[in-house]
Amino acid sequence: MEINMVDLKGQYLKIKDEVDAGIQAVIDSSAFINGPAVNAFRLHLSQYLGGTHVVACANGTDALQIALMALGLKRGDEVIVPAFTYVSSAEVIALLGLTPVMVDVDPLTFNVTAENIRKALTPASKAVIPVHLFGQSCDMEPILALAEEYGLYVIEDNAQAIGAEYTFSDGRKAKTGTMGTVGCTSFFPSKNLGCYGDGGAVFCQDDELAAKIAMIANHGQKVKYHHSAIGCNSRLDTIQATVLDVKLKHLDEYSRARNEAAAYYDRKLRELDPDGKYFRLPARLPSSTHVWHQYTLKINDGRRDDMKAFLADRGIPSMIYYPLPLQEQEAFRDVARAGEPLEHAAECAHSVLSLPMHTELTHEIQDAVVNGIREFFKL
């Protein structure tokens, strides 16, 4: 039995007719750049997210960069970012001459918290990038309150949690990516909403800011050949928009499949280790739904790497997201600062292991994964 971390082919085969027809329509029209499918997808994604503006771009890293460019931050301004995340969240900060300030994460949910952000604040703090890691929202209500108190921009990195929903204390609900000043996402193929190449988007509720974001993504021009600002060339091509528009119709269905798979992992793994002696199951934030971009365990007693190798020998893939926290990355040595001791980020980096998680998982596949873990721990 072949076991994959992600099964994009299996997912494609279920929507093949829709995808193939859409791609063929683009080829027939030859509208490869900014074709009608791009605007159609933007409109449908905006509706899915509750009416926010959607500016499509070339990838998730561009989305973060464009968002920061649109906010008018100046060289030396500090942007707070979790130390345990993918590099792009901090990379774009340094690229623009801003200062990444790395803060610790909650050891249970892996997400940044308002408390850790507060500890890192200085007069130079201008923005914060909460990353909704592995598929659930950061606890946004206190983060947004803190941002309002100190006049901070909030740029949500929603590359891993599109479709997740956060509930505020007053009962109001909002999709991740729509609560802050700006939201950003990636449509990399393995994402929950992924295309068949590269793609990304920026979300924004403010009309004026959304227009500025769109202008920056298009060479800083509102009218062709009339450039109002320094921008970049970042666009979602029409074929990728067509694929995404098909998959968007199935996104909630995909989330349900991932939740069912996560519940099955929970049940089977809890039976193996009910007291958490060998590993810890993923924690859920009560105020957020989870879309399970990753199903990530924390392996105890420094046995993570041995377990990964053991599973690989049996044809069972697993992934380490992420083996080095940002404060240990050489690239940031001279351009960033740590806002506090980053013990939880370091501990996560040395203990996390993600199991296969995708929309096509079967119980048979999951049982094989669980049995591999049973064998390793001799349970």
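Which residue is the bridge partner of Val-101 in strand 14? Arg-337 is that partner. This is a predicted model. The briefing below covers two open sheets, the helices that lie across them, one helix pair and His-363.

**The eight-stranded sheet**
- Eight strands make up an open sheet with mixed pairing.
- Their order is 1-9-8-5-4-2-3-14.
- Strand 1 (53-57) and strand 14 (337-338) are the edge strands, and each pairs on one side only.
- Strand 3 (residues 99-103) runs parallel to strand 14, and two bridges join them.
- Val-101 and Arg-337 are bridge partners, with Arg-337 in strand 14.

**Helices across the eight-stranded sheet**
- Helix 3 (residues 36-48) lies across strand 1 and strand 9 (200-204). Helix 3 runs at about 135° to strand 1.
- Helix 8 lies across strand 1, strand 8 (182-186) and strand 9. Its angle to strand 1 is about 10°.

**Helix 4 against helix 8**
- Helix 4 (residues 60-70) packs with helix 8 (residues 207-217) at an angle of about 120°. The two axes are 9 Å apart.
- That angle makes helix 4 oblique to helix 8.
- The crossing of these two helices is right-handed.
- Helix 4 contributes Ile-66, Met-69 and Ala-70 to the contact. Helix 8 contributes Leu-209, Lys-212, Ile-213, Ile-216 and Ala-217.
- Of the residues in this contact, seven are nonpolar, none is polar and one is charged.

**The three-stranded sheet**
- Three strands form an open sheet in the order 12-13-15, with antiparallel pairing.
- Strand 12 (279-280) and strand 15 (352-355) stand at the edges. Each has a single partner strand, so one side of each has no neighbour in the sheet.
- Two bridges pair strand 12 with strand 13 (residues 295-299) in the antiparallel sense.
- Lys-298, in strand 13, is the bridge partner of Arg-280.
- Helix 11 (residues 304-313) lies across strand 13 and strand 15. Helix 11 runs at about 25° to strand 15.

**His-363**
- His-363 lies in helix 13 (residues 363-377).
- His-363 counts as partly exposed because its relative accessibility is 45%, and partly exposed covers values between under 20% for buried and over 50% for exposed.
- His-363 and Ala-261 are 102 residues apart in sequence. In space, their C-alpha atoms are 7.9 Å apart.

Conventions. Residues are numbered from 1 along each chain as its sequence is written. This is a predicted model: local features need pLDDT of at least 70, side-chain atom pairs count only at pLDDT 80 or more; totals for chains, interfaces and linings use all residues. Side-chain values use heavy atoms; hydrogens and water are left out. Helices (H or I, at least four residues) and strands (E, at least two) are DSSP runs, numbered from the N terminus. Buried means under 20% relative accessible area, exposed over 50%, partly exposed in between (1.4 Å probe, protein chains only). Axes are lines fitted to C-alpha atoms, for helices over the stretch in contact, and angles run from 0 to 180 degrees between N-to-C directions. Angles under 35 degrees count as roughly parallel, over 145 as roughly antiparallel, 65 to 115 as roughly perpendicular and the rest as oblique. A crossing is left-handed if the near helix is turned anticlockwise from the far one by less than a right angle, and right-handed if clockwise. Contact means heavy atoms within 4.5 Å. Ala, Val, Leu, Ile, Met, Phe, Trp, Tyr, Cys and Pro count as nonpolar, Asp, Glu, Lys and Arg as charged, and the others, Gly among them, as polar. Two strands pair if DSSP finds at least two bridges between them.
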